[in-house]
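This report sets out what can be read from the coordinates of the complex shown below. The account begins with a single charged residue and then widens to salt bridges, buried positions, chain A and the contacts between chains.

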Amino acid sequence: MNLNLHLKVWRQASPNAKGSFQDIEARDIPDHASFLEMMDIVNERLIADGKEPVAFDHDCREGICGMCSMVINGRPHGPERATTTCQLHMRKFRNGDTIWIEPFRARAFPVMKDLMVDRSAFDRIMAAGGFVSVRTGAPQDANALPIGKEVADAAMDAAACIGCGACVASCKNASAMLFVSAKIGQLNALPQGQPEKHRRTLGMVRQMDKEGFGNCTNQYECEAACPKDVSRTWIASMNKDFAVASGREALLASARERSEGD
Amino acid sequence: MRFLSSSIGKKIVVALTGLVLVGFVFGHMIGHLLMFAGPAAYNEYAHFLHTVGHGMGIWVARSVVFGSIIVHVLFTIQLTKQNRAARAEPYGYQHTQVASKSSRVMIISGLTLLSFFIYHILHFTVRVWHGFNQLPLFDLAGEKVFDAYQMMIKGFSFPLVTGFYILSMVFLCSHLSHGVASIPQTLGLNTEASGKLFKKLGLAFAFLILAGFSVVPLAINMGLVK
Amino acid sequence: MLDSKIPSGPLSEKWSKHKRDSKLINPKNKRKYTVIVVGSGLAGASAAASLSELGYKVKCFCFQDSPRRAHSIAAQGGINAAKNYQNDGDSIYRLFYDTIKGGDFRAREGNVYRLAEVSANIIDQCVAQGVPFAREYGGLLANRSFGGAQVSRTFYARGQTGQQLLLGAYSALSKEIASGNVQMYSRSEMLELVTVDGHAKGIITRNLTTGKVEAHAADCVLLCTGGYGNVFYLSTNAMGCNVTATWRAHKKGAFFANPCYTQIHPTCIPVSGDYQSKLTLMSESLRNDGRVWAPKKKGDNRHPSQIPEDERDYYLERKYPSFGNLAPRDISSRAAKEACDDGRGVGPGGRGVYLDFSEAIEKFGEQTIRERYGNLFDMYERITGENAYKQPMRIYPAVHYTMGGLWVDYNLMSNLPGLHVLGEANFSDHGANRLGASALMQGLADGYFVIPTTIANYLVTQKPGAITTDNAEFKRALEDVNARTHRLLNIKGKRSVDSFHRELGLLVWEKCGMARDFDGLTSALEKIPALRDEFWNNVNIPGSGEAVNQELEKAGRVADFLEFAELLCLDARHREESCGGHFRSEHQTEDGEAKRDDANFTYAAAWEHTGDFSKPSLHKEELQFEEVHLAVRSYK
């Protein structure tokens, strides 16, 4: 079955240009097509009409690279639970539907063009501690460090995050707490991550603040929007880890001052 | 301090001061309910509050509560400003999936409660209206003490005052319904299971507070307590 | 004459010997060398991180918005390693042998043995980084079996092993970015290789955000840019995967080896319509519990549940009793094609066969199957709208991986001095067919363990920083790139870039896909230049080059595919044998199996660009088999 849809698409020529919604009629869209394939069809027609196609980020189109973004009818990645935009299929829409398509909106994710945003803030947060400092070639045998299945599974739950930024886009405050907590949580949960636990937590949270994301107000829109079902409990763990790390840092600093005073 | 300038640090302080205020609200409500035990019990309670620790106790309690309120309000205002700045441009199509209405109006309910709190202090603590300070003293087992019981009866005999009071309690209920459940999350105590439990407890607590605070003025207005 | 530089001596000691014999650069001098790494997938990210740890200055480039998004991320099933944690008789030799045999005896012994040797270190490395591999209750690592092997040596992280390994490599890269030793250029696409006196000394990139074309000089260049599967338009590759980096290098003199070795993955979701933009792979691990079948009767349109057991043909189990549903990818794919060519295909267009879990669900319960493959079943339902717990999945082969790539020697250096090629972009380790769970292994082996040792053999011969972007070659390359962009933007024709790509893909898929023959390839070779001509006269690219322009990005890639496709078909036509992923219909046994011609084709075909796409010149690297005996591959 084919669908006729009314699209309201955010068009913005460049980062500093003023954007606005453009009405586009998308006729005859096959319902087996994916949402991005619908966008492809629309773009082909725009090009044929001598107009600029809609710019949007996408790559793997199988729900894992985290490159596709867009907010569809107010929801990052659209209406389907635990599904990225690229895996959303048109059979979830009805003939005659109006669909609003907007970029992820956050001060920390500036719009580059149309639906494309700059998410490099996430890379900078990762560089502030999202790793285990292990040199290539140094490690022991992998099975020399047994890790309980529950711990490994929990770390995997956090590691499932694809870094798409839907948590930021959905949050009323454009907060990045779900992303950052998943990244911190994965490594802080594992024995390999223990030696740098405090440093990592402080570094990544401070970088997150610096990037201009908002604060968590415990509304959990992020969790509802997450295409990989990352849980809010990681945020709780991060809060605790941060409090402990901050306390430890303050104690160490005052101890240092005292010993320097001697 | 670096901790307080961070987003999570501020949130933790908001949660801790919130916890103090939750405790205060609960204790205050229990005190109110003593109205049903009669003038002697209520006035004894009021007198106790004013004399405990040679009269210092109440000032300690007041400082803690006032301090908590000030910090709670200042930090949430800061956080809210940051949050608004973080989403500079709003969505054309607004949609909310799971965030409760209460959670989205915390700043409004909170600021309303602040103004209520100021009014409430002027009303019953500073006693600027209705000549409460001229009330005849109450005989508490031979000791002449301030008649707080009569003050309550008089204070709530105006339907408009009662209405504003109960409306404020509705805001408090709304504020607590999100706030209480948020405390363990912000303090990092939540697991999957406890999160659900705290959500229910938070709601139950919020309604308990609403009921506890509303029942006294309503009873006074309906003439059940004289 | 191509010198593979395989060290002498017994197979099992070659790598140790080579490490011993390789040159060293002292730490103080390492800092003076700059290395360009193009691509940030498993090979690129691991190489960039490891080289930076050693002290080299690294500039790393990717076209995605973050290095974490490279297409290695999409690998689902797992990564092989000869750990023998299962005590099931695995060893380095067995992994080596399985890989050589799986590659249909068209890979280099020395490289493959090295790959098997370092496989165990990869797992150690990844675990140390915090990669959350699946574990048993005792806390030890879990393994699963995979196509083409009879031991359980595959390590996995749910259905997203690729993402977890890439995030591990990306975390190592992030650590080095933080240290300031790696400079990362995201949203930057390499458009030209710069050679100075025949040595690779830099690249020209386009900043995809600003459109700015920039020159970058270094002491050597590493291409880690993946495969060319998107020449078929529809493939399991990401939309951005392209041949541009390796093709540009080829046009600058690097030999392209064995392009005809393309892998078709047997378990993908069938095509549903002509709007389709990509094909989705369902992990091969599904074949551990799923049974593949097609109806025995032609044109059987009944619902699968209505087809009784004795009217189903479990053709893999029937033809290959000892490997059954776990037969290697090329064999499984062709068997599916045969069933469909025979008119027994299912689903729209009759291009599909069933992958049935009913028996496994009955045996282990739906819950167990859900735990093992839940995410895959969910994905299948999202895409097709069908519930695979209730009815069999429909699957069909799709282009997945390309074994061919730029020719490299044992040091992973191409014939162009200084140009190193890692991961899927090179040709060296998988022969004519890659076994499941071996791509991740190769990418990481190259990046973590091989290049950090071998790169010094080249660098030690070079004075660090001798070439800068002031060199005339950089100016010329910049002008070339700008002229090309200008030309593309000013064609202003009638057809979209995608329409050309789609047409090319369909043509290559039909004539050079799962089965090829001389006549078909010849007709493709006639059509490709014509299509290329039309592209350069009739493509329509809106917008300018001075800002984000996704059509321009695609156009550059498709233009290169249009040239590359010709080499692909030429190579396929020249190789008059069937081996691995290259199946020539003229060369098959009576029961339809691939028939190799070891007497005439035991070589890697490395093609040199001559300026005329139709007449590349062929260089042969004869494959020496000292350890294994060439045998007819049998999975029966």
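## A salt bridge within chain C

E576(C) is partly exposed, its relative accessible area being 27%. The model is a predicted one, and in it the side chain of E576(C) meets that of R584(C) in a salt bridge, with 3.0 Å from N to O. The partner residue R584(C) is buried, at a relative accessible area of 0%. The pair therefore joins a residue under the 20% limit for burial, R584(C) at 0%, to one between the 20% and 50% limits, E576(C) at 27%.

Other charged side chains of chain C form a network of salt bridges: D104(C), R106(C), R575(C), E577(C), R596(C) and D598(C) are linked in this way.

## Salt bridges between distant parts of the sequence

Over all chains, a search of the whole structure finds 72 salt bridges. One of the pairs in chain A consists of E249(A) and R206(A), whose side chains meet at 2.8 Å from N to O. Helix α8 of chain A (residues 233-261) holds E249(A) and helix α6 of chain A (residues 197-210) holds R206(A), so this salt bridge ties together parts that are 43 residues apart in sequence. With a relative accessibility of 28%, E249(A) counts as partly exposed, whereas R206(A) is buried at 17%.

In chain C, a salt bridge forms between K5(C) and D409(C), with the closest N and O atoms 3.4 Å apart. K5(C) belongs to the segment before α1 (14-21) of chain C, and D409(C) to the loop between β16 (405-406) and β17 (419-421) of that chain, so the pair ties together parts that are 404 residues apart in sequence. K5(C) is partly exposed, with a relative accessible area of 40%. By contrast, D409(C) has a relative accessible area of 2% and is buried.

## Two buried positions in helices of chain C

Where is G505(C) found? This glycine is in helix α14 of chain C, which covers residues 497-512. G505(C) is buried, with a relative accessible area of 0%. When its neighbours within four places in sequence are left aside, G505(C) is in contact with V231(C), F232(C) and Y233(C). A157(C), which lies 348 residues from G505(C) along the chain, has its C-alpha atom 33 Å from that of the glycine.

S52(C) has its place in helix α3 of chain C, residues 42-54. At 2% relative accessibility, S52(C) counts as buried. Residues up to four places away in sequence aside, S52(C) touches V58(C), E176(C), N181(C) and V182(C).

## Architecture of chain A

Chain A contains eight helices and seven strands. Along the principal axes, its C-alpha atoms fill a box of roughly 75 × 40 × 35 Å. Of the 262 residues in chain A, 63% are buried. Among contacts between residues of chain A at least 6 apart in sequence, 69% join residues at least 24 apart.

The accessible surface of chain A amounts to about 9200 Å², and carbon and sulfur atoms account for 49% of this area. Chain A carries 32 positive and 33 negative charges, and the mean positions of the two sets are 3 Å apart.

## Contacts between chains

Two pairs of chains touch, and the most contacts are between chains A and C. Chain B and chain C are joined by no contact, and their closest C-alpha atoms lie 20 Å apart.

At the interface of chains C and A, 72 residues of chain C are in contact with 74 residues of chain A. The two chains bury about 6000 Å² between them, 53% of which is on carbon and sulfur atoms. On the chain C side, the residues that lose the most area to chain A are R69(C), Y275(C) and R382(C), together 12% of what that side buries. Five salt bridges are counted between chain C and chain A. A salt bridge between K83(C) and D141(A) has its closest N and O atoms 2.9 Å apart.

Conventions
Residues numbered from 1 in each chain as written. Chains lettered and ligands numbered in written order. Predicted model: local features only at pLDDT ≥ 70, side-chain atom pairs only at ≥ 80, totals over all residues. Heavy atoms only, no water. Helix = DSSP H or I, 4+ residues; strand = E, 2+ residues; numbered from the N terminus. Buried < 20%, exposed > 50% of the residue type's maximum accessible area, 1.4 Å probe, protein only. Contact = heavy atoms within 4.5 Å. Areas by Shrake-Rupley, 256 points an atom, 1.4 Å probe, with all protein chains shown as cover. Lys, Arg positive; Asp, Glu negative; His and termini not counted. Charge placed at Lys NZ, Arg CZ, Asp CG, Glu CD. Buried area = accessible area lost by both parts, 1.4 Å probe. Salt bridge = Lys/Arg side-chain N within 4 Å of Asp/Glu carboxyl O.
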